[in-house]
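Q: Could you walk me through this model and show how each label is earned? I'd like the values set against their definitions.

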Protein chains: 2
Amino acid sequence: MQQYFLNQVAPEIGMVITLEKDDTHHLFTVMRAKLDEKVQIVFSDQTLVLATVNVDLATLTVLEFVEKSVELPLDVTIAVGLPKSDKLEFITQKATELGVYAILAFPAKWSVTKFDAKKIIKKTARLEKIAKGAAEQSKRLLIPTVKILANLQELTDQFARYDQILVAYEAAAKSGETAAFAKKLSELEKGQKILVIFGPEGGISPQEIEQLTALGATKIGLGPRIMRAETAPLYVLSAISFYTELLH
Amino acid sequence: MQQYFLNQVAPEIGMVITLEKDDTHHLFTVMRAKLDEKVQIVFSDQTLVLATVNVDLATLTVLEFVEKSVELPLDVTIAVGLPKSDKLEFITQKATELGVYAILAFPAKWSVTKFDAKKIIKKTARLEKIAKGAAEQSKRLLIPTVKILANLQELTDQFARYDQILVAYEAAAKSGETAAFAKKLSELEKGQKILVIFGPEGGISPQEIEQLTALGATKIGLGPRIMRAETAPLYVLSAISFYTELLH
């Protein structure tokens, strides 16, 4: 069954609704939806409804409300040092599938990629579209927000918002640090907010680590193998899902 | 530091060695290694040595043996229903970074992709090269093997090799099954072999599930969000690493 997001307050049963232009095109032209076909629609307050296609093949009627719990028990925000080429697109798609709450990117000291203001706007729009598509496909109830920050300070300025801040650090892994990640996870309760920071391809610099830990971030190792910049966030999100959703 | 694999028995300290042709090109032409530069070399028995570049800028001298534990405590084999386009390349690269022991692919009932014998040979060579590159980059001690099977039976014929066989099943996740994966992991001991089976884009068919479970595979759910075919194996490998290497 197709799912779409609609940026409106939740409707009532029997109400006729029109999807956003792109989604209307997708549902009726690309997917060729037929009369009475069922579709899932998520409203801005995360209300999920089942709706059916009307005879006009352009609108839908709300059939019933659906109760479903599909979001991670923790709000996990990842912040990644700007990676090369299309890695940020990749991270956005996969992190969305894995339940991320928000994605931040920042120009790290060792980031090769730099964006000017114009490029940031264009790239952000592209990433938001990817996040929406991935959220629909993985049947989530929220679309992760995506933001490209101007510098590291914009990230540290937000530290107070989070209950816990972790930073993946290769040197921690190399020195055999294996306990901090699980320990920090065990201290969190349902609904709390966690921020996990990752470096770009070259890693996160010792100066940045010092700055982040001085402001309260905890260094974590992610095991003995070296992961690429775009793989580490997926490892962390998978581990958090496993720990909070599957391990009883 | 660069790492290369060399398909020879472990050397002795002081011995002069020559890397494989591609790796020699990579180290001396691409990376422009200089006299006395240090390189890690892994031999066929997983012996890891530190070697230095000789004055000829073409060979290396073995300096010392290095003890390192970088492999997952379990031998994890993944078997994936043949996915579309270059997803198998993607899975091979990322699963190698995440510590997979072996990768199998099989034409599932709902696989859109089909390979003839000639294509299998070509594709396998390509995947082996990707696995070698990823194993070098993530500094592993073994290169995962990659095999494309002719049919599902070739997979089930190997079931006796494994201590545990799991199959990721979306319907299990939908029905709220969340305990089997962690439970099965908790029953395994260091060094044991586990096979985890995944469907292609369309999922694994009910007939295949019946066949696999009749032969001893356990259905597992991977949480409430729907993951793409290429994401689920990465989730499982990350979760296994977290469970066996980080959670104490």
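A: Sure. Between chain A and chain B, about 3500 Å² is buried, and carbon and sulfur atoms give 60% of that area. Before going on: this is a predicted model, where local features need pLDDT of at least 70, side-chain atom pairs count only at pLDDT 80 or more, and totals for chains, interfaces and linings use all residues. Residues are numbered from 1 along each chain as its sequence is written, chains are lettered from A and ligands numbered from 1 in the order in which they are written, and side-chain values use heavy atoms, with hydrogens and water left out.

Q: What makes that area "buried", and which residues of chain A lose the most to chain B?
A: Buried area is the accessible area (1.4 Å probe) that two parts lose on being put together, summed over both, so the 3500 Å² figure covers chain A and chain B together. On the chain A side, A:Arg225, A:Arg228 and A:Leu246 lose the most, together 22% of what that side buries.

Q: How many residues of chain A and chain B are in contact?
A: 41 residues of chain A touch 41 residues of chain B, with contact meaning heavy atoms within 4.5 Å.

Q: Why is the pair B:Arg225 and A:Glu245 called a salt bridge?
A: The rule wants a side-chain nitrogen of Lys or Arg within 4 Å of a carboxyl oxygen of Asp or Glu. Here an Arg and a Glu meet at 2.8 Å, N to O, so the pair qualifies. Across this interface the rule finds six salt bridges.

Q: How many residue pairs are in polar contact across the interface of chain A and chain B?
A: There are 20, both residues at pLDDT 80 or more. A polar contact is a pair of N or O atoms within 3.5 Å; within protein, one must be able to donate a hydrogen and the other to accept it, and residues adjacent in sequence count only if both atoms are side-chain atoms.

Q: Which elements of chain A give two or more residues to the side that touches chain B?
A: Helices H2 (87-97), H3 (117-137), H6 (180-186) and H8 (232-246) of chain A do. H8(A) brings the largest share, nine residues. Helices (H or I, at least four residues) and strands (E, at least two) are DSSP runs, numbered from the N terminus.

Q: How is chain A divided into domains?
A: The assignment gives domain 1 (3-66) and domain 2 (75-246); such bounds come from an automatic or database domain assignment. Their C-alpha centres lie 33 Å apart, and the contact takes nine residues from domain 1 and eight residues from domain 2 of chain A.

Q: What area is buried between domain 1 and domain 2 of chain A, and which three residues supply the most on the domain 1 side?
A: About 790 Å², with carbon and sulfur atoms giving 58%. A:Gln3, A:Phe5 and A:Gln46 supply 71% of what domain 1 buries against domain 2, more than any other three residues.

Q: What makes A:Asp23 and A:Lys132 a salt bridge?
A: Their side chains meet at 2.9 Å, N to O. A:Asp23 lies in helix H1 (residues 21-30) and A:Lys132 in helix H3 of chain A, so the pair ties together parts that are 109 residues apart in sequence. The count between domain 1 and domain 2 of chain A is one salt bridge, while a search of the whole structure finds 26 over all chains.
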